[in-house]
Amino acid sequence: MSTFINLHHNEIEVHSSERKSNNAFLKLSSLLEIYNSEQTVEEIQITEADQVDDSFRVSGNGELFSVQSEWKPVQDGCHFIEVDLIVRYNQEVPGDYGLQFKAELVGNGKPTWMIPGAFYKENRFEHNARQYPRYDYRDGNHEEMVSDHWSFRSDRAALPAVFAWNDEMCGAFCVEEMSALGLTGLGFKGNESETSIWVNFPYKEEPVTFVGQPIPEPKDISLYTFKPGETVTLRVKIYTGSADLHSYDPFVREIYKQHQQEYALNPWMGLEEAAELTAHGLYRWHYMPEHSILAETAAFDREFNNNVKGMGDRPHMHVGWVSGVPYAYALLTYGRNKGIQQYVDAAIDVMNNIASALAPSGTFWASWVLGKGWGTGWNPKNTWLQARTVSEATLFLVRALSFEKQSGFSHPDWEKAVTSNLNFAVERQRPDGNFGSYYHCETGDVEEWDGAGGILWIASLLEGSTFFEKEAYRAAAEKAGYYYEKFVVDEYIYGAPEDVHLTPTSEDAYNAVVAYVLLYETDKNEKWLALAKSAADWLMTFRWTYNLAFPEHTLLNQYDFRSRGADQASPSNQHLHNYGLFCVPEMLRLWKYTDDSYYLDRTRDHIACFLQFIARKDGDFNAYKGMVTERFYNTNCFQPKGMMLTLSHSWCVGLVLYAAQEALAFNSDLKLS
């Protein structure tokens, strides 16, 4: 696909060779819009335009600013336009202004959006139980974070780009996180009168600011103080593509390729050291033998923890997701392989406990809480159990059974628990393949059919089918593969985590990758491989392509934390996390099946990113040996940018341990040491 420019009556039109009609293009009616804290004060109209070879030189003069620009087509991997704006401030006294580079997306149809990692389509359904920014063509109540226009800081985005689609084409702008005027911004608007995208120098956040809470902060308009005669150079990349919702992928890959050269990785250690440290951390700080659990959190600050009667340590355990079987499995495999019996005994103790406690419905309970016992977790209703939590526990208990069988050990109670869960899934499955997302804990009735929360049953059933030699499990998994395909094709997979009801998340992408890679391995159907690739591409929109500029005195700056490879949890839960380690083995096998080195490179980035901030000794970054945090703060959400949550999480420790072991077979390809 290619992108080309037309100059037309003092306007610039940017076309895609893949547009559906000649009436679809990005239209720039001015070179820049200038604003202060109140309003737009000047538009720099195009007064001169010349073509030089295949580039254009376009300029315009205003009272406050003048602009000279060069528009250069780049044809490397994918086609885009690189725009360099040389902006001169004309006044003789300093002035505080922001600059906006904006285009209208012309063509038929209502728009849809993507800001990688930060905003997907409408971003939140009207009936979603969680409050965070939502797009509505009809506008809405801004105090409820509903609007037809949004502007965001670029550091909310895994790649600072804004994509817009109508029925005829896609148009996108991309900037770097930082510019000569400071932190940049991204925005869009879509209603009856216009569909437009823009970038801001410096950023603004409108109509309100999302800080992770249901009640937003006021809008945040940052301005730059221009000195008399000051000149700055700003760069924007413009991309156009087809109306296919997957048309973001060539551009994401292209910018990643550039960022790969510009932003270095900085793993603190190799895979074996990471595994050794996290096995110690999981056993030492999270295993509670008196309760037979892996406690979800352990406080960095042990003195504080003692002073608050252990409240920094959370004596709760989910059976999957944020604690439980997956991480006990990682400890089990490490303990067996290294001959460390206390790790093996602890892992078996935890899995025995989980396997012994099935809900009346026949599935696992979701979580255990000290003083309350077994219960349903963090769902919208306290009688609901969530499909992803119990299917993930089932998947890893099957894996534990297979591993133990190879080592000469059997666990009849585990087999009984797994069989109960797999039979439950098969019995609840609709004729169209849907497993449902939330179940009543007592009756087992499906209480919520919406979403892809059940997609991980595919993996559980496939591995259960192999272990138990039961064809019905495989058939149910295949039927589900056809049902959940629509979420992948729609580029909107949602519903995985209990605590962000029906929200698109990176975790949904991981689960889809695992499900479709395993389906492909079952019957080598190319359809499953294509879906695995598509889910992996969508996953990469959550994955940081660049290293964030953290404020000078913050911990993440002082330790030189490199964010390339980190994942945004979700648009509603904006922080960097390591849950992508969950699908490391499937991503590496996907690379082998496709021979597409993009998947290897971006999986390497993710592993390398989280070979940082594993506490090497007691006191390292104020943590204890083997501890791993859950949250690195990338923007003004929950806590200030550059901070880190001072709690070790069992899933974060456990996933490093899991992925470090799984990735060892690919160590020579990953080149991490």
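How many residues lie between S20 and S21 in the hairpin they form? There are 4. This is a predicted model. The points below cover that hairpin, two open sheets, two helix pairs, a mostly covered helix and one exposed glutamate.

**Strand S20 and its partners**
- Strand S20 spans residues 185–190, and 5 of its 6 residues are buried, so the rest of the structure largely encloses it.
- On one pairing, S20 joins strand S15 (residues 149–153) in the antiparallel sense over 5 bridges.
- Trp150 stands opposite Phe188 of S20 in that pairing.
- S20 also pairs with strand S21 (residues 195–201), again antiparallel, over 6 bridges.
- Here Phe188 stands opposite Ile197 of S21.
- Phe188 thus links the two pairings: Trp150 is opposite it, and so is Ile197.

**Open sheet S29-S30-S31**
- Three strands make up this open sheet, in the order S29-S30-S31, with antiparallel pairing.
- Strand S29 (316–318) and strand S31 (373–375) are at the edges; each has a single partner strand, so one side of each has no neighbour in the sheet.
- On average, neighbouring strands are turned by 20° against each other, direction ignored.
- Strand S30 (residues 367–369) and S31 are joined by 3 bridges and run antiparallel.
- Two tryptophans meet in this pairing: the bridge partner of Trp368 is Trp374 in S31.

**Open sheet S32-S33-S34**
- This open sheet has 3 strands in the order S32-S33-S34, and its pairing is antiparallel.
- Strand S32 (384–386) and strand S34 (446–448) are the edge strands, each pairing on one side only.
- The average turn between neighbouring strands is 40°, direction ignored.
- S32 pairs with strand S33 (residues 438–440) over 3 bridges, in the antiparallel sense.
- Trp384 has His440 in S33 as its bridge partner.

**Helices H4 and H6**
- Two packed helices are described by the angle between their axes and the distance between the axes.
- For helix H4 (residues 325–338) and helix H6 (residues 387–406), the angle is about 15° and the axes are 8 Å apart.
- H4 and H6 are therefore roughly parallel to each other, since angles under 35 degrees count as such.
- Their crossing is left-handed.
- H4 contributes Val325, Pro326, Tyr327, Tyr329, Leu332, Thr333, Arg336 and Asn337 to the contact.
- H6 contributes Glu392, Ala393, Phe396, Leu397, Arg399, Ala400, Phe403 and Glu404.
- By class, this contact has 10 nonpolar, 2 polar and 4 charged residues.

**Helices H9 and H10**
- Helix H9 (residues 471–489) packs with H10 at an angle of about 135°, and their axes are 10 Å apart.
- H9 and H10 are therefore oblique to each other.
- The crossing of H9 and H10 is left-handed.
- On the H9 side, the contact uses Arg474, Ala477, Glu478, Ala480, Gly481, Tyr484, Glu485 and Val488.
- On the H10 side, the contact uses Ala512, Tyr516, Leu519, Thr522 and Asp523.
- The classes here are 7 nonpolar, 2 polar and 4 charged residues.

**Helix H13**
- Helix H13 (residues 584–594) is mostly covered, with 8 of its 11 residues buried.
- Which residues of H13 are buried? They are Val584, Pro585, Glu586, Met587, Leu588, Leu590, Trp591 and Thr594.
- These buried residues pack against H6, helix H10 (506–523), helix H11 (526–539), helix H14 (597–609), helix H15 (650–663) and helix H16 (667–670).
- H6 therefore appears in two places here: in the roughly parallel pair with H4, and among the helices packed by the buried residues of H13.
- Asp595, just after H13, takes a positive phi of about 55°.

**Glu427 in helix H7**
- Glu427 is found in helix H7 (residues 412–428).
- Is Glu427 buried or exposed? Glu427 counts as exposed, because its relative accessibility is 58% and the cut-off for exposed is over 50%.
- Gly444 is 17 residues from Glu427 in sequence. In space, the two are 9.9 Å apart, C-alpha to C-alpha.

Definitions and conventions:
Residues numbered from 1 in each chain as written. Predicted model: local features only at pLDDT ≥ 70, side-chain atom pairs only at ≥ 80, totals over all residues. Heavy atoms only, no water. Axes fitted to C-alpha atoms, helices over the stretch in contact; angles between N-to-C directions. Parallel < 35°, antiparallel > 145°, perpendicular 65-115°, else oblique. Left-handed = near helix turned anticlockwise from the far one by under 90°. Contact = heavy atoms within 4.5 Å. Nonpolar A, V, L, I, M, F, W, Y, C, P; charged D, E, K, R; others polar. Pairing = 2+ DSSP bridges. Buried < 20%, exposed > 50% of the residue type's maximum accessible area, 1.4 Å probe, protein only.
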